[in-house]
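Q: Could you take a close look at one part of this structure for me? I'd like to see how it sits in its surroundings.

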Protein chains: 2
Amino acid sequence: MRLRPTVQGQTLGPVQRDRLLRICVVGCGAVGSLFAANLAQLEDVEVWAYDLDRAHVGAINRDGLHVSGAGDVLARVHATDEAGDVPPCDFGIVATKAMHTDAAVAATARAFADGAVASVQNGLGNEDAIARHVQRVIRGTTFPAGRLVAPGRVQWDVKGDTTLGPFEPQPASLDEVERLADACTRAGMPTAAVDDARGPQWRKVIFNAATNPLGALTGLTHGRVCERTDLRALVSMLVVEGKAVASAQAIELDADPEELIDHAARKDVAYDHKASMLQDVEARRATEIDFLNGGIVRAGRDHDVSTPLNEAVWALVKGLEASWTS
Amino acid sequence: MRLRPTVQGQTLGPVQRDRLLRICVVGCGAVGSLFAANLAQLEDVEVWAYDLDRAHVGAINRDGLHVSGAGDVLARVHATDEAGDVPPCDFGIVATKAMHTDAAVAATARAFADGAVASVQNGLGNEDAIARHVQRVIRGTTFPAGRLVAPGRVQWDVKGDTTLGPFEPQPASLDEVERLADACTRAGMPTAAVDDARGPQWRKVIFNAATNPLGALTGLTHGRVCERTDLRALVSMLVVEGKAVASAQAIELDADPEELIDHAARKDVAYDHKASMLQDVEARRATEIDFLNGGIVRAGRDHDVSTPLNEAVWALVKGLEASWTS
């Protein structure tokens, strides 16, 4: 564990690409913190974090950002809950929950006037939301997972790969995608730059949409969902619908989501993992269901693919959310 | 409200059909209590109740069975948790939860050696379970609803009709069906005796299977399930599957379950009603899902009708039940 010498208090001039890459993580929850803390280990990267959780921001600025578990890092990060404080950046990495993308990127867009912004979020439609405020956008998918255990402290549960590629309608240059991927990889977050990042993205969306709502509706961990024959069959039926929608868009999955599901169900991997959606339900927070199963259903409608089971679990989770308000 | 003179303590001889009809309600929860209390108002009917809830049995024997709400009745009923105490009866009315039918009828069967036994339960398969222990069986469906609010006290939420008919493989005589229906009707529980009681039964099963699990999984009342466009659409898709399975068995529904669903959703009917399955989930009790959606799925398999959505909600509710044990 090493602490990079602080740059806090320094006067920060305009971006000078040959000496310093300035990256702002937008939404510094569990996944955002993994990127922020690891990237801050690099001598040539300066990391900012924009987040609305004041206690978390305060703790990061006071004591550093602590990550422990699958990897241990203590990082100096410039955290703020004031979008106006974020200086011009080369890159943004958006890691908010999907329903907060629009507001968070609208607030910080000015900092990315000359930069490119990547999504590493769950679900479908995040890049579209980013592209409403920012010129050059990077489509991304990331598999590492963790959770915020206290202000400034993140538990790193699972390591994993990240894939970045240009967002087709409003792309960052391949050079930009490669520079960001290179920084992440050097920081210990293995990241591939690819031409078409839709395959990994849809693999993860299908994985999440087929498993997270079942955990959220039943209260079962990923492993327990998968060891019940009846629920595992439902998972597969949701996967089949998701694959059909991907296929109708000529998206080639980089691997079968079923493999990922079975792998994660292993006792030594994520058997005991409560899906983030279940964590949301237990905390009575809005879930990302609109961007997971909702995203699959909408894409299905656009391409004449029927998705009744994704529609069913979407409706059930929305109903569950509605029950918290009378 | 009137209290029928007690016959408790009397020596009860063999059934004399011209003077007294002896009926035992097997499972004296909410619905069982509505039958027991109302039938006990008739001068020519003697009512017994078999139930394993000792506090409830004790309160009934001590203070009578109190029903209030849609109707107010105070009834003298012979309650017992000892099956051996039940004397020979003309009729049994089984009103346990579906998963307890077999055990409850096995225990009391001796009392019905010369009698006929009706189910007024939810779900599919109850008559088959009764027929394993009793010679002459009546298929029944009832719509009144209520809840046990304290030992000996039942809240009557909704009035409704009952339909009785011979159970095809092991039927009671039509005369028996008519005698029981007549007693119920005279007691204030309007009951029709019909040749084929499968239509009303399937209408209610489809109603329950299409709505109860959605309440149980989301926590919403019947009215709130129905006013959400997405959940109401799921209800209809479940109804469509149920109708297809009924139709494959040449069962003619006596009315469209959709009408019943919309009627019940009215603010002046059952908008605020929590489905019994939701009550079970809140109390972490096993639900009747195996006999509702499970029954539809099994019947569908027997008749080559695919029922993916009933299968999905069946799996989800079973998963939810499993989450209560770690």
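**Helix H11 of chain A in its setting**

A: Let's start from the outside and work inwards, keeping in mind that this is a predicted model. Chain B and chain A bury about 1900 Å² between them, and carbon and sulfur atoms account for 71% of that area. On the chain B side, B:Thr218, B:Arg224 and B:Leu316 bring in 25% of the area that chain B buries against chain A, more than any other three residues. Counted by contacts, 23 residues of chain B touch 23 residues of chain A.

Now for chain A itself. Its secondary structure adds up to 12 helices and 12 strands, and its C-alpha trace spans about 60 × 40 × 40 Å along the principal axes. The radius of gyration is 19 Å, which agrees with the value near 20 Å that a compact globule of 326 residues would have. Some 58% of those 326 residues count as buried. Take the contacts in chain A between residues at least 6 apart in sequence, and 71% of them join residues at least 24 apart. As for the surface, chain A exposes about 12800 Å², with carbon and sulfur atoms supplying 50% of it. On the charge side, there are 33 positive and 44 negative charges, and their mean positions lie 5 Å apart.

With that backdrop, here's the helix to zoom in on: H11 of chain A, residues 293-302. Seven of its 10 residues are buried, so the rest of the structure largely encloses it. The buried ones are A:Asn293, A:Gly294, A:Gly295, A:Ile296 and A:Val297, plus A:Ala299 and A:Gly300. What's doing the covering? Among the elements over these buried residues are three helices of chain A: H6 (198-218), H8 (229-248) and H12 (308-322). Just past the end of H11(A), A:Asp304 has a positive phi, about 55 degrees.

One of those covering helices deserves a stop of its own. Helix H6 of chain A is home to A:Asn208. This asparagine has a relative accessible area of 6%, and since anything under 20% counts as buried, A:Asn208 is buried too. Once you set aside neighbours within four places in sequence, the contacts of A:Asn208 are A:Asn122, A:Pro213 and A:Leu292.

So, back to the helix you'd be zooming in on: H11(A) is largely enclosed, with seven of its 10 residues buried, and its cover includes H6, H8 and H12 of chain A.

Methods
Residues are numbered from 1 along each chain as its sequence is written. Chains are lettered from A and ligands numbered from 1 in the order in which they are written. This is a predicted model: local features need pLDDT of at least 70, side-chain atom pairs count only at pLDDT 80 or more; totals for chains, interfaces and linings use all residues. Side-chain values use heavy atoms; hydrogens and water are left out. Helices (H or I, at least four residues) and strands (E, at least two) are DSSP runs, numbered from the N terminus. The radius of gyration is taken over C-alpha atoms; the globule rule is 2.2 Å times the number of residues to the power 0.38. Buried means under 20% relative accessible area, exposed over 50%, partly exposed in between (1.4 Å probe, protein chains only). Contact means heavy atoms within 4.5 Å. Accessible areas come from the Shrake-Rupley method with a 1.4 Å probe; for residues, only the protein chains shown count as cover. Lys and Arg count as positive and Asp and Glu as negative; His and the chain ends are not counted. The place of a charge is taken as NZ of Lys, CZ of Arg, CG of Asp or CD of Glu. Buried area is the accessible area (1.4 Å probe) that two parts lose on being put together, summed over both.
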